[in-house]
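User: Could you take a close look at one part of this model for me? I would like a connected account of it.

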Amino acid sequence: MKITVIGRKCTPRESFKERVEKKLSKIERFFGDEAEAKVTATVDKTSQSVEITVFNSGMIFRAEERAETLNEALDRCADSLIRQMRKNKTRIEKKLRQGAFEAYADEEPIAEEVEYDVVRTKPVNLRPQNVEEAILQMNMLGHQFYMFLNAETGDVNVVYCRKDGGYGLLEPER
């Protein structure tokens, strides 16, 4: 697994990078050598956070946790990522390498969702808008996300509210 450690508002120490490699070695057995992991450590005034994003076979696995120390946030984040994967193991086992979950066979099972239950389907009228108009419309509706037809690119895009108070834009890849 290729691991990249990035620091925001900080420079991660070698001891932290070694700890990242040790924690991700537990996760590596799910993916094998072809996976890429990006670990972002962020230091704020009141807390520290770690975000782990793993790219493998077109799938993206992501977890983010906050704590008082980077090491504690890393531990929580790695555990959260493993919990996500175990919860959805039957769905993702087909995409990951065979036998990836055998090491966890003796642990207590996590309640697994049997099927996704779509409770509502809503037609969306896509009209051309720029990003600012879409954010304004999303805020007026009180939604966390809003799908629109980008007037500048002609593609269907989604704007969404981020945890840090900013906004995000999802665009299709070409």
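In the hairpin of strand 3 and strand 4, which residue takes a positive phi?

Analyst: Happy to help. This is a predicted model, where local features need pLDDT of at least 70, side-chain atom pairs count only at pLDDT 80 or more, and totals for chains, interfaces and linings use all residues. Residues are numbered from 1 along each chain as its sequence is written, and side-chain values use heavy atoms, leaving out hydrogens and water.

The residue is S57, with a phi near 50°, in a hairpin that has two residues between its strands. Strands here are DSSP runs of E with at least two residues, and helices are runs of H or I with at least four, numbered from the N terminus. Strand 3 and strand 4 run antiparallel and are joined by nine bridges (strands pair if DSSP finds at least two bridges between them). One of the partners is A67 in strand 4, which bridges to Q48.

Strand 3 is also antiparallel to strand 2, through eight bridges, and A37 stands opposite V54. That hairpin has four residues between its strands.

Seven of the nine residues of strand 3 are buried, meaning under 20% relative accessible area with a 1.4 Å probe, protein chains only. V50, I52 and V54 are among the residues touching the most other members of the largest nonpolar core, which has 26 residues. Such a core is a set of buried Ala, Val, Leu, Ile, Met, Phe, Trp, Tyr and Cys residues joined through side-chain atoms within 4.5 Å. Helix 2 gives the largest share of this core, eight residues. Beyond its neighbours within four places in sequence, V50 has contacts (heavy atoms within 4.5 Å) that include F16, V39, A63, L70 and C77.

Methods:
Buried means under 20% relative accessible area, exposed over 50%, partly exposed in between (1.4 Å probe, protein chains only).
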